[in-house]
Amino acid sequence: MNAAGRWDAIVIGADVNGLVAAHYLARAGRRVLVVDSRKAAEQRADVGWVPPQVIRELSLASHGIQIEQPDPWIVAPLAGGGRLELWRDVAKSAQSIRRISPADGARWPEFCTRMRRLAGVLEALYVQPAPDIESREIGELLRLGALGLHVRRLGKQTVIDLLRILPMSIAELLDDWFENDTLKGVLGAAGVWHLRQGPRAGGTAFNFLHHHVGSPAGVFRPPRSSITQILTAMPGVEMRWGAEGAVVAAAGTATGVRSGSEALSAPLVVSSADPRTTFEPLRPQLDAEFVHAVGNIKSRSIVARGTVNLERPADFKTLCLAPSLDHLERAHDDAKYGRTSERPYVEAVATDGHLDLHVQYAVTIDQALVERVASALGVPAGQVRLEPQAGHLYHGELTLDQILFMRPVPGWSRYRTPIHGLYLCGPGTHPGGGIAGAAGRNAARVILRESKRS
Amino acid sequence: MAVLYDAIVIGGGHNGLVTAAYLARAGKKVVVLEKRPRVGGAAVTEEIFPGFKFTMFSYVVSLLRPEIIRDLDLPRHGLHILPLESTVTPMENGDYLAAWGDHDETRRELYRHSPRDAEAYDEYGRLMHHMAHAVRPILGMVPPDPTSFDPRDLLALLRLGRHFRSLGAERLHALVKLMTMSSADFLDEWFETDVLKATKSASGIIGTFLGPRSPGTAYVLLHHYMGELDGVFRAWGFAKGGTGAVSEAIASAARGFGAEIRCDAPVARVLVKGGRATGVALENGDEVSAKVVVSGLDPRRTFLQLLEERELPAEFVSDIRRFKFRGSSGKVNLALDALPSFTCMPGVGRHHRGAISISPSLAYVERAYDDAKYGEFSRRPYMDIVFPSMIDPGMAPPGKHVMSVFVQYAPYHLNGGWNDAKREAFGDAVVNTIESFAPGLKSHILHRQVITPADIERITGLSEGNIFQGELALHQLFFLRPAAGWAKFRTPVRAYYQCGAGTHPGGGIMGASGRLAALAILGDGA
């Protein structure tokens, strides 16, 4: 490594995966600089599973990480008045569901168990690089075999469920199990999170399970944590806010990043930015096939995020306004033709003094949408603020053709890139967004292993 | 029970006939029991109006397995497939997109719409050709059971894994994309001309309850290239005498091998003793016994109608119950006194010898799907039109024509249910839509037959009118067709087999299910 330089590695992006990668590298003795174009760290909670390996290996518990999963984890208004509340306690939820549908209440525990088992398979897949099905290396083949064995040991039903459910639509999956619209709306919403697809689209059952990862049986909203805040404050890496980072490479090898007019050099660059943004300045050095593949990444923003200022505390922790699968489907129909939903799906999470909003499907964010959201929530429009969209939150939709060894682009799922010394570690890589820190950790481990070899 | 047969085949659809022919060819004593007065199931040709013959339900042949044509020597039994060489898509602005039998001509036509797409077209064709190659062996194999620890299954899975790995990275990735993407998204990666993408993706939605933007529709794009690959005929073909002639040819081959075929012989149930099928009871009370019973009906009828539920494991029954049918297509058959003239290509021309695709834009086809999603038939449906009398003059009286219109979407579960008024309203929507592309059509219509999914179910028995005996969705394919653990043509009842399109690989006039079932039965030493 370049002993003369100030840094061994520069990480682009101080979001959760960038920071996780930075701290893993720092822990291995590397001098790491993190650059981020934002002025300062945001105070927003991270949504998604924090793998226990990350918590343990970076001693996040001793730094005071908070992981929160509200109870009840969701509240949804019922068509005839009253509301459906779902709890962490499976039996308590079953009871609450029984009031709207005895049949659904009876099936709830079994559904929760089956889904939990599948999410467990995904968790195992997510804390390591995506299986490389083309590999001829004996180590990789053994790993593939072990994975297959792991799944088969979970029993015949799990194998069948995996094969059958992953390509399904969330609507079909839920129709197999339940009859009540409110319940199916609440669950179906998790299946379309950050997808430009409706609940009847194949692969939304996978998306549903992806967002179940890290939650206990019967909780179908990801936990929220303070991991980014903790990592930002943790010593060990140098942070530079308000600093853009564009990768610089010469003859196919990364040499550092350009930040405004300043050139920062390091032999290793790790980007948690969107793959498309990362590769943009490098186009002349990349082959056409690769550029084409990066251009084909589907990452169509479809979610508006925002806040509602509250005058008095909300009487819920998470409120879901997606009254049925048809409601979600119709909201998506608008987006399919390039329009923002007339009646969007809105989810609100109460934090101190305000609500965090997730509004889908938002194609353009304008006053009309603000008013629709306000009327859905029953608050004055003046209290609703929607942020402009800043690209797809996951840097690539989690559709079946963009996961595992297909993410971010086919053949480059191992965090490596065609530019020597440049690695990716953001949500655009396996296992994708909605998982806090897994991509960063996987990437850092690959980097450390490979640098040991060379 | 006088005669003991080696095998009874329930249902004389094309797959049942293929199974019967293969069993008879192996020296088995076989009887086919068909409820209707003629064989063919959904592949029948009937003279619906005096002098006008229609292939009532299905309409084109493209996937009939070449090994079946060869093994059963079908051309000798009257199978004659005429090429359907072009596809013309009229556009709403009066222009059109045409794909002709001649590759260079198609390329020139495409160039007119987009030079870039004309460039991409060849490369796309090459990729699809390779993909079809990659998938072909799967159509001819019995699906291994991924949940079994039987060494034969493990070996088959391993071999399958090796096959895919041998494709190389690039093709493997393309295959994953084809299996998981929507046809619209997949085509977006290649082309920019909307009408081209619409017409290509329309072939991806045939027989499904999905739209061109629904994931899982891309792999059907391969079908076009499969036919070409096998070298039997280029792209889509039309059987002389209609698709009924395909059934007749297979039936004739079966008879030639010694099989007996009984029409007007509806089966009421399968007789089971001690967990083993022993024969069938006909609706008229007669019983026929055999060593093996094979059902060519769809999974719902094969298991839930012909058997008592207690004869099956509960888990299997619930798997079959949730097997999705949801018929989504209808058919309008028109008898005409003259060919319609399309605004985009006035007069009578060679385009009448090919298919006319009513798929002017992706949004058009997607909107047609939106209607169906919420339980209505498409107000402006996607249609695939052919004029069989132009290819085979025997289909209509001299100077007159028959027009076959495959229509999607017509959902089986229509709001309020299908009735005579709804059927006519659906027929009107079809005719009015075509009229907008071919003004004057209405004045040429002598007779009109409108077939809804409810009609298909009533006449042929196909559950929910699904022409593929169950949706061709990823979770209902290969080792999941019709249910996990039961994709090898066997059933939980010993000596009872399934051979319809509800088994792997299913769908289309392909005959592969029928052939594989026969091989499985023979392999079990029946």
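Biologist: Between which two helices of chain A does the loop that holds His194(A) lie?

Modeller: Helices (H or I, at least four residues) and strands (E, at least two) are DSSP runs, numbered from the N terminus. His194(A) has its place in the loop between α8 (181–192) and α9 (204–210) of chain A. This is a predicted model, in which local features need pLDDT of at least 70 and side-chain atom pairs count only at pLDDT 80 or more, while totals for chains, interfaces and linings use all residues. Residues are numbered from 1 along each chain as its sequence is written, and chains are lettered from A and ligands numbered from 1 in the order in which they are written.

Biologist: What is the phi of His194(A), and is His194(A) buried or exposed?

Modeller: Phi of His194(A) is near 60°, a positive value in a residue other than glycine. A residue is buried if 20 or more other C-beta atoms, placed from the backbone, lie within 10 Å of its own, exposed if 12 or fewer, and partly exposed in between. His194(A) has 25 such atoms within 10 Å and is therefore buried. In chain B, Ala495(B) also has a positive phi, of about 65°, although it is not a glycine; Ala495(B) lies in the loop between α17 and β18 of chain B and, with 23 C-beta neighbours inside 10 Å, counts as buried.

Biologist: Which proline of chain B follows a cis peptide bond, and where is its place?

Modeller: The cis bond joins Arg481(B) and Pro482(B), with omega about -5°, and Pro482(B) sits in the loop between α17 (453–460) and β18 (496–498) of chain B. In chain A, the peptide bond from Asp71(A) to Pro72(A) is cis, with omega near 0°, and the place of Pro72(A) is in the loop between β4 (67–68) and β5 (74–77).

Biologist: How do the axes of α4 and α6 of chain B cross, and which residues meet there?

Modeller: Axes are lines fitted to C-alpha atoms, for helices over the stretch in contact, and angles run from 0 to 180 degrees between N-to-C directions. The axes of α4 (residues 115–139) and α6 (residues 169–180) of chain B come within 10 Å and cross at roughly 85°, so α4(B) and α6(B) are roughly perpendicular (65 to 115 degrees; under 35 is roughly parallel, over 145 roughly antiparallel and the rest oblique). Leu127(B), His130(B), Met131(B) and Ala134(B) in α4(B) meet Arg171(B), Ala174(B), Leu175(B) and Leu178(B) in α6(B), where being in contact asks for C-beta atoms, placed from the backbone, within 7 Å.

Biologist: How many residues of chain B are in contact with chain A, and which helix gives the most?

Modeller: On the chain B side, 26 residues are in contact with 26 residues of chain A. Both α6 and α13 (362–373) of chain B supply at least two residues each to that side, and α6(B) gives the most, with 6 residues.

Biologist: What is the order of the strands in the open sheet of chain A?

Modeller: Two strands pair if DSSP finds at least two bridges between them. In chain A, 3 strands form the open sheet in the order β9-β10-β11, with antiparallel pairing, and the edge strands, each pairing on one side only, are β9 (246–250) and β11 (262–265). Between β9(A) and β10 (residues 253–259) of chain A there are 5 bridges, and Ala250(A) stands opposite Thr253(A) in β10(A).

Notes
Contact = placed C-beta atoms within 7 Å.
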